Structures are given as C-alpha cells and as structure tokens.
Amino acid sequence: MPPNIEYQFPPLKPESLQCIYRFQRYEPRIEKRRYPKRRSAAVAIVLFVGRLGDLYVLLSTRAGDMRTYAHDTALPGGKYEEGDIDAEGTARREAYEEIGLPIDHEKVKKLCELEKFITGNSLIVTPVIFIITDHTLTPLLNPEEVKRLFSMPLNSFLFSRPSKIPSFHYNISHRISSIPNWVIDSIPPPPIVNYSLDKGQVGGKEGRFYGFRDIIWGQGKVRMHRFLTGREGQGVKPVYGLTAAILIQTASIGYDQFPDFPFHAPGQKSMTERILYEIRHVEGPLRRAVEVEGLWDDWKSEEGHDDQQKKAKL
C-alpha cells in the first residue's frame, strides 16, 4: 500500500480514506477458467473526492443513437479490442474515448478489480476501480457516445432512502438541512423517465429513491436494482440493472457493509453459477465464443467451481 496516499487528495473523511485503503487491499477470487476475449468487456468505476471529503463516482448518459442501451445511465466502458493488454487496459481506453479521462497511471490510479459480471447480451464484464488524484482534470465528452456526465456519492448505493445517505444533506440548501428525515423522504421525486421494461417480471417495488424488479433470467430469479439520480426531470434515467449491481458491490466492498436492502432475489444464483449456466446450457454468443476460441475444456468440468462458489461475493 503506498504510504501517505491521503496527501494526494483534498481533505478526506476518515470513512473515505478507509474506503480507498480497502479497495487497495481487495483481491478478487482467483479465476481458474479462461474467458473468451470476443465476449469480454470492462467498465471503469471512476472515483473522485468531493469538496467535503466524500467519495463520488462518475456516471454518464449514453448518446441517443447508440446501438445498445441508448440514453441509459452507465459507467464508462465497452468491449475488449485488439491491443488491450487486460481489463484495466480496456477500461482505461474506453474511459479516454468516452469522457476524455487521461490514460495516466498517476493522475488516474487503479485501486483494484472486482469479480466478473454477465450482461443481458452475454458479455463478461470486469469492473475496474480508479481514483482521480489530479483535481484539475477536465472531462472531454465524445458526443457520439456520451450526452452527459454527472456524479453520485458512492455510498448512496447502500441505502434505500436518501435521508440515510451520509452525504445527502450536502446537496440541499443549508437553510433546510435541519428538516426532519421523514419530511425529506416525503418530498416527491421529479418525474420518472420510463426505462427499459424486462420480460418475465415476477415481482418488484418502486420507491421514491430505491426500487427493484425481480425477473426470470436463466435458472431463476434475478434482482434488478434501481436508484433515482435526482436528475430525472432533465431526462436522465435512473441507475439501473447491471450498473446498479456493480455499484452496490463496489460500495459494499469499499465501506465494508451490506446494503440496507436485500441484494439478491429469493433463491438467486451467484454470478459464477449464472455464467457457468450460460456457457453450458444456452446456445448463444457466449457459448459459441468459448468454442471458437478453444476454451471448452475450461468449462465442461466442475473442477474449481466449488472453490469459486465459496469465495463468491454478495
């Protein structure tokens, strides 16, 4: 762990500094199986320190003419390309192409990688956590890919009510910061922009800040989380689905606490089990990529699977 890392940032709250240290110490479980490059992707979880010492994460609104997930709220990221050395390389390249984040290992430090996720279109995504150490950096958005850039407190993805978020009151006038929590929670949110509907919905709950939907996916139920951004009146979609799941996982690791809501639907399979099922039992692009790249021997046996399950997070 680099000494005195706190001197590279504006004044940090103790919990923010501890969060950074936990990310630096974090080691994802060892992968014993290889993943096909043509179905691999990475996202950049870009953190920065706010003026009052809280950690924030950068989020973007995708351009309206994107082939997939147009207008969605997302993390910078995309598919592996030739020349990418690893997931970090993919995440850095995509963040540079989308929001102009410099490929500079000092100004934008890597903290860690997380376990892999699977998307609805059968991509295997590796989240890579970075933190900006140069507060003078100015984003440069690629209008073909990104319409808007904004941020949210990282710890907001651990709570179902805004009044529970430690930094929530920093975003409202000091003249009303003393209003009781129950009054704040009763304030209606701005109009919600409709986001993509999921086939096979089997349950859910819509709240003023947090909500979820349970859908049928693969072997059973999967919980799709949703967080309002407070910018819905401006046409910004909520943080939803894969992006929400990744940020819940990130915040849980960094702050060393579980969210105040159930992360999984009842009986939901782990991410490793879902990936394994997709490769073995679904005749889709992920299975075909495994076969084309000659990786089937890695996936046809159970060896190493039980060990991975024991180490699976959330």
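The sulfur of Cys112 lies 9.3 Å from the closest cysteine sulfur, which belongs to Cys19, and this is too far for a bond. In this predicted model, a search of the whole structure finds 0 disulfides. Cys19 is accordingly in no disulfide, with the sulfur of Cys112 as its nearest cysteine sulfur at 9.3 Å. A disulfide would need the two sulfur atoms within 2.5 Å. Both cysteines are hidden from solvent by the accessibility criterion: Cys19 counts as buried at 0% relative accessibility, and Cys112 counts as buried at 5%.

The wider setting is a protein chain with 8 helices and 12 strands. Of its 314 residues, 52% count as buried. Among contacts in the chain between residues at least 6 apart in sequence, 64% join residues at least 24 apart.

Aromatic rings supply a clear example of such a link across the sequence. The search of the whole structure finds 8 aromatic pairs. In one of them, the rings of Tyr35 and Trp299 have centres 5.1 Å apart and planes at 70°, so the pair is edge-to-face. Tyr35 sits in the loop between helix H1 (14-25) and strand E1 (40-49), whereas Trp299 belongs to helix H7 (residues 296-299), so the pair ties together parts that are 264 residues apart in sequence. Each partner is buried: Tyr35 has a relative accessible area of 15%, and Trp299 is at 2% relative accessibility.

Trp299 also takes part in a contact through its backbone. The backbone oxygen of Trp299 lies 2.8 Å from a polar atom of the side chain of Arg280. Arg280 is found in helix H5 (residues 271-281) and, at 18% relative accessibility, counts as buried. Trp299 is thus paired with the ring of Tyr35 and approached at its backbone oxygen by the side chain of Arg280.

A further group of rings forms a cluster, in which ring pairs link Phe157, Phe209, Tyr210, Phe212, Phe227 and Phe261. One member of this cluster, Phe212, has a charged neighbour: Arg223 lies over the face of Phe212, at 3.9 Å from the ring centre. A comparable arrangement involves Trp217, where the charged end of Arg274 sits over the ring, 4.5 Å from its centre.

Both of these arginines reappear around Gln268. Not counting residues up to four places away in sequence, Gln268 touches Lys221, Val222, Arg223 and Arg274. A polar atom of the Gln268 side chain lies 2.9 Å from the backbone nitrogen of Arg223. The side chain of Gln268 also reaches the backbone nitrogen of Ala265, at 3.0 Å. Gln268 lies in the loop between H4 and H5 and counts as buried at 14% relative accessibility. Arg223 therefore joins two parts of the picture, and the same can be said of Arg274: Arg223 lies over the face of Phe212, the charged end of Arg274 sits over the ring of Trp217, and Gln268 touches both arginines.Helix H4 (residues 241-255) comes before this loop. Helix H4 has 15 residues and reaches 21 Å from its first C-alpha to its last, close to the 21 Å expected at 1.5 Å a residue. In H4, 14 of the 15 residues are buried, so the helix is largely enclosed by the rest of the structure. Just after H4, Asp256 takes a positive phi of about 55°, although Asp256 is not a glycine. Asp256 is placed in the loop between H4 and H5, where it counts as exposed at 55% relative accessibility.

Ser122 is another residue other than glycine with a positive phi, here near 65°. Ser122 lies in the loop between strand E6 (117-118) and strand E7 (124-132) and is buried, with a relative accessible area of 6%.

Glu82 offers one more loop position to look at. Glu82 is located in the loop between strand E4 (77-79) and helix H2 (87-99) and counts as exposed at 72% relative accessibility. Glu82 and Arg38 are 44 residues apart along the chain, and their C-alpha atoms are separated by 9.6 Å.

Definitions and conventions: Residues are numbered from 1 along each chain as its sequence is written. This is a predicted model: local features need pLDDT of at least 70, side-chain atom pairs count only at pLDDT 80 or more; totals for chains, interfaces and linings use all residues. Side-chain values use heavy atoms; hydrogens and water are left out. Rings of Phe, Tyr and Trp (its six-membered ring) pair if their centres lie within 6.5 Å; planes under 30 degrees apart count as stacked, over 60 as edge-to-face and the rest as tilted. Helices (H or I, at least four residues) and strands (E, at least two) are DSSP runs, numbered from the N terminus. Buried means under 20% relative accessible area, exposed over 50%, partly exposed in between (1.4 Å probe, protein chains only). A charge sits over a ring if NZ of Lys or CZ of Arg is within 6 Å of the ring centre and within 35 degrees of the ring normal. The expected span of a helix is 1.5 Å times one less than its number of residues. A polar contact is a pair of N or O atoms within 3.5 Å; within protein, one must be able to donate a hydrogen and the other to accept it, and residues adjacent in sequence count only if both atoms are side-chain atoms. Contact means heavy atoms within 4.5 Å.
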